[in-house]
Amino acid sequence: MEVERATTAVAAGGSSAEMAVDNAAGPGAVEKPRFDALMPSEMGGRGRPQFRKVPVPPHRFSPLKRCWMEIYTPVYEHMKVDIRMNIKARRVELKTRKDTPDVSNLQKCADFVHAFMLGFDIADAVALLRLDDLYVDSFEIKDVKTLRGEHLSRAIGRLSGKGGKTKYAIENSTRTRIVIADTKIHILGSFVNIKVARDSLCSLILGSPAGKVYSKLRAVSARLAERY
């Protein structure tokens with residue numbers, strides 16, 4: 001009996017599928033329903049807002065206070081995300097609103113604030129809000145080579161160059177932004193450009209002279225210009 005029922009169900013399913021295909025192919029085909037995108041308040045299930053918390057390092061507290069309105073304006077007015085500074089916990093708190101157009105805006109704002117905490121200028125960090133293919137990559141000098149004492153100081157000097165000349169040359173040729181904070185290095189840019197800048201910085205850490213890195217950068221930049 002069970003075998004007969006299963007056979008009947010399969011046959012019925014096959015016939016109904018064929019009818020659906022025939023109906024869809026016919027002149028009176030039913031259009032597929034199209035639904036509007038869900039608002040962030042509707043995606044939480046119970047309408048709960050989503051939060052992000054970005055800690056503020058001690059050395060970035062004064063710059064944050066000085067540039068607060070430049071951070072607040074694009075986040076609150078353009079991205080439609082609530083933002084406040086929790087002075088007691090020393091962190092910036094972000095929350096979605098009912099009129100937030102896209103739930104991904106919350107993470108973009110968190111990345112924007114985090115980039116400012118790492119030391120990037122607001123004019124550079126605000127690009128994270130406008131473009132989708134920008135990232136921040138961080139690494140330390142000891143991840144490339146273990147250096148101590150004067151050797152470490154000379155490596156940091158090679159990275160920046162006289163008056164920041166080497167750092168600016170890498171930034172301009174790879175279309176990235178670089179922050180050298182003691183032994184930590186942060187790079188803001190697209191995935192391909194970050195890789196090129198990171199390879200140049202690693203070569204300098206390993207001891208390559210700046211002239212050799214410049215010539216390699218010129219070749220790579222020309223190749224990237226041909227590709228894009």
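**Arg60 and the three-stranded sheet**

In this predicted model, R60 is buried but forms no salt bridge. The nearest side chain of opposite charge belongs to D121, at 6.5 Å, whereas a salt bridge requires a side-chain nitrogen of Lys or Arg within 4 Å of a carboxyl oxygen of Asp or Glu. R60 is located in the loop that links β1 (51–55) to α3 (61–66). When neighbours within four places in sequence are set aside, the contacts of R60 are F116, M117, G119 and F120.

The strand that precedes this loop, β1, belongs to an open sheet of three strands, ordered β1-β3-β2, with antiparallel pairing. β1 and β2 (81–86) are the edge strands, each paired on one side only. From one strand to the next, the twist averages 20 degrees. Strand β3 (residues 91–96) runs antiparallel to β2 and is joined to it by six bridges; D82 has K95 in β3 as its bridge partner.

Two helices lie across strands of this sheet. Helix α4 (residues 68–78) lies across β2 and β3, and its direction makes an angle of about 150 degrees with β2. Helix α5 (residues 104–118) lies across β1, β2 and β3 and runs at about 5 degrees to β1.

Over the whole chain, 12 helices and six strands are assigned. Of the 228 residues, 32% are buried. Among contacts with a separation of 6 or more, 57% involve residues 24 or more positions apart. The accessible surface of the chain is about 15,100 Å², and carbon and sulfur atoms contribute 54% of this area.

Terms used. Residues are numbered from 1 along each chain as its sequence is written. This is a predicted model: local features need pLDDT of at least 70, side-chain atom pairs count only at pLDDT 80 or more; totals for chains, interfaces and linings use all residues. Side-chain values use heavy atoms; hydrogens and water are left out. Helices (H or I, at least four residues) and strands (E, at least two) are DSSP runs, numbered from the N terminus. Buried means under 20% relative accessible area, exposed over 50%, partly exposed in between (1.4 Å probe, protein chains only). Lys and Arg count as positive and Asp and Glu as negative; His and the chain ends are not counted. Contact means heavy atoms within 4.5 Å. Accessible areas come from the Shrake-Rupley method with a 1.4 Å probe; for residues, only the protein chains shown count as cover. Two strands pair if DSSP finds at least two bridges between them. Axes are lines fitted to C-alpha atoms, for helices over the stretch in contact, and angles run from 0 to 180 degrees between N-to-C directions.
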